[in-house]
Amino acid sequence: MDRKDGKESPAGDAWIRPKRFDRNLVVIGAGSAGLVSAYIAAAAKAKVTLVEANKMGGDCLNFGCVPSKALIKSAKIAHQIRHADRYGLEAPEPKVSFSAVMERIHAVIARIEPHDSVERYAGLGVEVLRGYARLVDPWTVEITLKDGGVQRLTTRAIVIATGAKPFVPEIPGLAEIGYLTSDTMWERLRDRAKVPRRMVVLGGGPIGCELAQSFARLGSEVTQIEMASRLLLREDEDAATLVEASLKSDGVTVLTNHKAVACGRGEGESWIDVDHAGTIRRIAFDEIVVAVGRTPRLKGFGLEEVGIKVDRVVETNEYLQTLHPNILAAGDVAGPYQLTHVAGHQAWFAAINALFGDLKRFKTDYSVIPWATFTDPEVARVGLSEAEAREKKIPYEVTRFALDDLDRAIADGADRGFVKVLTQPGRDKILGVTIVGEQAGDLIAEFVLAMKHGHGLGKILGTIHIYPTLAEANKMVAGQWRRNHLNGFLLSLLERFQTWRRG
Ligand SMILES: Cc1cc2nc3c(=O)[nH]c(=O)nc-3n(C[C@H](O)[C@H](O)[C@H](O)COP(=O)(O)OP(=O)(O)OC[C@H]3O[C@@H](n4cnc5c(N)ncnc54)[C@H](O)[C@@H]3O)c2cc1C
Ligand SMILES: NC(=O)c1ccc[n+]([C@@H]2O[C@H](COP(=O)([O-])OP(=O)(O)OC[C@H]3O[C@@H](n4cnc5c(N)ncnc54)[C@H](O)[C@@H]3O)[C@@H](O)[C@H]2O)c1
């Protein structure tokens, strides 16, 4: 094909498409999206190169899901020790060795590292290059290798899986005083013997809430600052309210409707000024963690140079193709979600469409996407929230089951929370589920499966659940739905029948 053949690249007239290619696929970034894309390509017998500039495993393994969940576990145990008297045990103030907590976090990362290692992927048939990749044209990737040297590869297709990084707002003085983000905190706090005494967590999203609660439980005085009117804006208010109450009971000072306006240092300590309805308040701290969202890594590796728009995310169609159909994107860099399991889900579509898209393409399926925020209580969701249903004007009915009515939750002292199911009016078809409670992220799996395969609440009600488990909450909510929809006419007929049978 010569340069005038626009079939593969409508924007590619300025470049000459190679006649032959070194690779079937080059994947840029070895996080969740890149690893899965490369693995699928290798499984499909493609010649695939995976390029990683920093750490194999990307953000999830090194700076995100894995370290944060390891931190949450230590914090939860500290919390359980502190409140052991609720279970008839002595409740000493836990002695936290913060350096040991941090060491454990790094040990957990090290345990999981082999799953994402160069060796593992080489064994699966993926060539892994450590270095920084840059698009030269729609079919050529130049890699500045970590060990020195530059390598150019021509490739039929490219998957952009460069992820996202913490967004740092322009607050006067913030850069000068020094701040932590999820990218830096795990190394920067690694050798601290003690947990920071006073911490500010900027942001009330999932990252801010998980970190604020964990540090409070480990002994920090935490102030969490959120400029919106409440925490966890993506979730329904009833769910966020329970999380906020829990954070407060753990000692977090939650400041909603507070906007950070300036930072500085004076009299030996750092401070942040927050504006609440026109009143400025100063908060002193030892460490500040900025957790106000994550921005896709879009710049500096040639996307704009090949004409791809990079306003917010890499612009793709429903097949994850950019304006060059042979350049696709997956994971945080593509959006619309920023979740490891969605990155992996998209990766299948990106890899298959990259390799076979000119023969058959598959539309990315976002119909049933679950997620959880791992605060205590956890908040898990799949499908519509009430707020979304209202906004989209989708008719719905709500059925709730409160965990303080569930035997196992009562026995475990885990009775804060609820299961809330949205269904189509008059039908058991599930539109969305929110679960707040212990292990909500695990409990929701049953609803994810039901929604994925079109099973309604009736099917969940008809399924045996082990007694006594937290999972029974799912059946309970289905039972509640059934009771709400009993047929009055049928019931009165039954009553008359039974009366008649008694003679
Ligand atoms: C604190 C925290 C907690 C989180 N917790 C959860 C959770 O519990 N559950 C969940 O589902 N998600 C969670 N997430 C989100 C999750 O980490 C991300 O959604 C996921 O890592 C996205 O994967 P990705 O492959 O798109 O990007 P990444 O994991 O960011 O990988 C992209 C990789 O590309 C590399 N790269 C970038 N540019 C180049 C280049 N030009 N050349 C070569 N390499 C390049 C980067 O070095 C990086 O390693 C959390 C995130 C954070 C920060
Ligand atoms: N358990 C999980 O699945 C999990 C955990 C952590 C992160 N993540 C992913 O990472 C993404 C990023 O999370 P996040 O919590 O950083 O971002 P977010 O966008 O979810 O929340 C950021 C919050 O910060 C607030 N904010 C923004 N600017 C502010 C300012 N200047 N001052 C005060 N508040 C400000 C926003 O109003 C918002 O509520 C999430 O969208 C999620 O997809 C997932």
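The following conversation concerns two ligand shells and a helix pair in a predicted model.

Colleague: What should I know about the model and its numbering?
Modeller: The model is predicted, so local features need pLDDT of at least 70 and side-chain atom pairs count only at pLDDT 80 or more, while totals for chains, interfaces and linings use all residues. Residues are numbered from 1 along each chain as its sequence is written, and chains are lettered from A and ligands numbered from 1 in the order in which they are written.

Colleague: How many residues surround ligand 1, and which are the closest?
Modeller: Ligand 1 has 38 residues around it (C-beta atom, placed from the backbone, within 6 Å). Gly29, Gly31, Gly58, Gly163 and Gly331 are the closest.

Colleague: Which elements give two or more residues to that shell around ligand 1?
Modeller: Among them are α1 (32–43), α3 and α10 (340–356); helices are DSSP runs of H or I with at least four residues, strands are E runs of at least two, and both are numbered from the N terminus.

Colleague: Turning to α3, how does its axis cross that of α4?
Modeller: The axes of α3 (residues 65–82) and α4 (residues 98–112) come within 9 Å and cross at roughly 135°. Axes are lines fitted to C-alpha atoms, for helices over the stretch in contact, and angles run from 0 to 180 degrees between N-to-C directions. The two helices are therefore oblique to each other (neither under 35, nor over 145, nor 65 to 115 degrees).

Colleague: And ligand 2: which residues come nearest?
Modeller: Of 26 residues around ligand 2, the nearest are Gly203, Gly205, Ile207, Val292 and Gln338. Helix α8 provides the largest share of this shell, 4 residues.
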